[in-house]
Amino acid sequence: AWSSVKARATGLGAVSRAGSREEFISEHYWGYTRQRHGGTLEYRVEHPRWTVWSAELIELPPLDLLYGPALAIALKHPASAFVADGSAVSVHRGVRLR
């Protein structure tokens, strides 16, 4: 089933501050995925830094159904909420990790 999150951006947008939660979440440049036959693939991701805005959460999906009751309690009151503008992303060929 589909789920959604609704948020309203507030204030002025800016590039996330170094060391902030917003930077930690939005500025990832490496990805990892498990392969069907075992092992892990590491791949590089490129995108410009994104503009972020603080946000008021308006609606969360039914967290207990998605993640179970224990994790739902922790997610119900997030430490931060933000909206990012996003951009085109380049994903480079992965390399298998040993």
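The questions and replies below deal with a predicted model.

Me: On what conventions do the values rest, and from which number does each chain count?
Reply: In this predicted model local features need pLDDT of at least 70, side-chain atom pairs count only at pLDDT 80 or more, and totals for chains, interfaces and linings use all residues. Side-chain values use heavy atoms, with hydrogens and water left out, and residues are numbered along each chain, as its sequence is written, from 1.

Me: What is the mean pLDDT of the protein chain?
Reply: The term pLDDT is the predictor's confidence in each residue, from 0 to 100. In the protein chain 100% of residues reach 70 or more, and the mean is 92.

Me: Which element has the highest mean pLDDT, and which the lowest?
Reply: Elements are DSSP runs numbered from the N terminus: helices are H or I with at least four residues, strands E with at least two. Strand S3 (residues 40-46) has the highest mean, 96, and the lowest, 90, belongs to helix H3 (residues 69-75).

Me: What is the strand order of the open sheet of three strands?
Reply: Two strands pair if DSSP finds at least two bridges between them. S1 and S4 (residues 51-59) pair over seven bridges, while S4 and S5 pair over three. Both pairings are antiparallel, and the order is S1-S4-S5.

Me: Why is one side of S1 and of S5 left without a neighbour in the sheet?
Reply: Strands of a sheet pair through backbone hydrogen bonds, either parallel or antiparallel. S1 (6-15) and S5 (82-84) stand at the edges, so each has a single partner strand.

Me: Which residue in S5 is the bridge partner of Val52?
Reply: In S4, Thr51 stands opposite Val15. For Val52, the bridge partner in S5 is Ala84.

Me: How much space lies in the largest pocket?
Reply: On a 1 Å grid over the protein atoms alone, a pocket is an open set of points where a 1.4 Å probe fits, with protein on both sides within 12 Å along at least five of seven lines. Grid points are joined across faces, edges and corners, and the volume is the space filled by probe spheres set on the points. The value is about 260 Å³.

Me: How many residues of the lining of the largest pocket are nonpolar?
Reply: Lining residues have an atom within 4 Å of a point; they include Leu57, Tyr67, Ser80 and Ala81. Helix H2 (63-67) and H3 each supply at least two of them. Ala, Val, Leu, Ile, Met, Phe, Trp, Tyr, Cys and Pro count as nonpolar, Asp, Glu, Lys and Arg as charged, and the others, Gly among them, as polar. No lining residue is charged, one is polar, and the number of nonpolar ones is 10.

Me: Is Arg21 buried or exposed?
Reply: Arg21 is found in helix H1 (residues 21-26). Buried means under 20% relative accessible area, exposed over 50%, and partly exposed in between (1.4 Å probe, protein chains only). At 51%, Arg21 is exposed.

Me: What separation do the C-alpha atoms of Glu46 and Ile58 have?
Reply: Glu46 lies in strand S3 and is partly exposed, with a relative accessible area of 37%. Glu46 and Ile58 are 12 residues apart along the chain, and their C-alpha atoms are separated by 31 Å.
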